[in-house]
Structures are given as structure tokens and as C-alpha cells.
Amino acid sequence: VDYFTNISSRELFKDGKKTNFIIIMFSPLIKFVRDYLIKLGFLDGASGFTISRISAYATYLKYRKLHSLWNSNR
């Protein structure tokens, strides 16, 4: 997760994308709800929950790292 979030945050930074507190906090929640509920991850039991949780955490890390990149390049 750490390796791929580094790659994706650098790509977003290179593309000029910015983030803020709302995106950092709500994107992971939206990602979890989409994967676990809308895409029926709950039907996979504990595995579906774990995958959805890790995916949401990866989304959080990606935007947090993007925020850090913008702050370090001021």
C-alpha cells in the first residue's frame, strides 16, 4: 500500500492536483462505502471488509501524501 500510494500521490502532484481537509477525510469514507456496500463487498464476509478497509486506508494515504508534497514544495 505504501509503495503504490507514493506512486499515485506523485502522479497527482505532477498533474497539479491539490487536496484539502475535506478530501483527505471523506474520500476514504466514500471509497469504503462504495467498495463494501455498493460493490457488495459485504457478501465476501471478513475478507470483503478487510479489502474495503485497506482500500480506504490507501485512499487516505494517497491524499495525505499529496498534501505533504504540496506543503514541502512551498
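**Salt bridges and surface of a three-helix chain**

Biologist: By about how much of the helix are Asp35 and Lys31 separated in H2?

Modeller: Asp35 and Lys31 are separated by about one helical turn, because they sit four residues apart in helix H2. Please bear in mind that this is a predicted model.

Biologist: And what do the side chains of Asp35 and Lys31 meet in?

Modeller: They meet in a salt bridge, with 3.5 Å from N to O. In general, side chains of opposite charge can pair when their charged atoms come close.

Biologist: Which other side chain meets Asp35 in a salt bridge?

Modeller: Arg34 does, at 3.4 Å from N to O. Lys31, Arg34 and Asp35 are thus linked in a network of salt bridges.

Biologist: Is Asp35 buried or exposed?

Modeller: Asp35 counts as buried, because its relative accessibility is 14% and the cut-off for buried is under 20%. Arg34, by contrast, is partly exposed, with a relative accessible area of 35%.

Biologist: Which residues is Ser55 in contact with, leaving aside neighbours within four places in sequence?

Modeller: Ser55 is in contact with Lys31 and Asp35. Ser55 belongs to helix H3, which covers residues 46–72.

Biologist: How many residues apart in sequence are Ser55 and Lys31?

Modeller: They are 24 residues apart in sequence, and their C-alpha atoms lie 7.3 Å apart in space.

Biologist: Buried or exposed, what does Ser55 count as?

Modeller: Ser55 counts as buried, at 19% relative accessibility. The value falls under the 20% cut-off.

Biologist: Back to charges. How many salt bridges does the structure hold?

Modeller: The structure holds four. One of them joins Asp2 and Lys65, whose closest N and O atoms are 2.5 Å apart.

Biologist: Which helices do Asp2 and Lys65 lie in?

Modeller: Asp2 lies in helix H1, residues 2–14, and Lys65 in helix H3, so the pair ties together parts that are 63 residues apart in sequence. Asp2 is partly exposed, with a relative accessible area of 48%, whereas Lys65 counts as buried at 16% relative accessibility.

Biologist: How far apart are the mean positions of the positive and negative charges?

Modeller: They are 7 Å apart, taken over the 12 positive and 5 negative charges of the protein chain.

Biologist: Let us turn to the overall fold. What pattern does the chain follow along the sequence?

Modeller: The pattern is α-α-α, with three helices and zero strands. The C-alpha atoms fill a box of roughly 45 × 25 × 15 Å along the principal axes.

Biologist: What percentage of contacts between residues at least 6 apart join residues at least 24 apart?

Modeller: In the protein chain, 80% of those contacts do.

Biologist: What share of the 74 residues do buried residues make up?

Modeller: Buried residues make up 27% of the 74. The accessible surface of the chain comes to about 5,300 Å², and 63% of that surface belongs to carbon and sulfur atoms.

Biologist: Which residues form the nonpolar patch on the surface?

Modeller: The patch is formed by Phe21, Ile22, Met25, Phe26, Leu29, Ile30, Val33, Leu37, Ile38, Leu40, Phe42 and Leu43. Together they have about 1,200 Å² of accessible area.

Biologist: Where does Ile30 lie, and is Ile30 buried or exposed?

Modeller: Ile30 lies in helix H2, residues 21–38. Ile30 is exposed, because its relative accessible area is 56% and the cut-off for exposed is over 50%.

Biologist: Where is Leu40 found?

Modeller: Leu40 is found in the loop between H2 and H3. Leu40 is partly exposed, with a relative accessible area of 43%.

Biologist: What is phi of Leu40 near?

Modeller: Phi of Leu40 is near 60°, which is a positive value in a residue other than glycine.

Conventions: Residues numbered from 1 in each chain as written. Predicted model: local features only at pLDDT ≥ 70, side-chain atom pairs only at ≥ 80, totals over all residues. Heavy atoms only, no water. Patch = residues over 30% accessible without salt bridge, like charges linked within 9 Å, V, L, I, M, F, W, Y side chains within 5 Å. Areas by Shrake-Rupley, 256 points an atom, 1.4 Å probe, with all protein chains shown as cover. Helix = DSSP H or I, 4+ residues; strand = E, 2+ residues; numbered from the N terminus. Buried < 20%, exposed > 50% of the residue type's maximum accessible area, 1.4 Å probe, protein only. Contact = heavy atoms within 4.5 Å. Lys, Arg positive; Asp, Glu negative; His and termini not counted. Charge placed at Lys NZ, Arg CZ, Asp CG, Glu CD.
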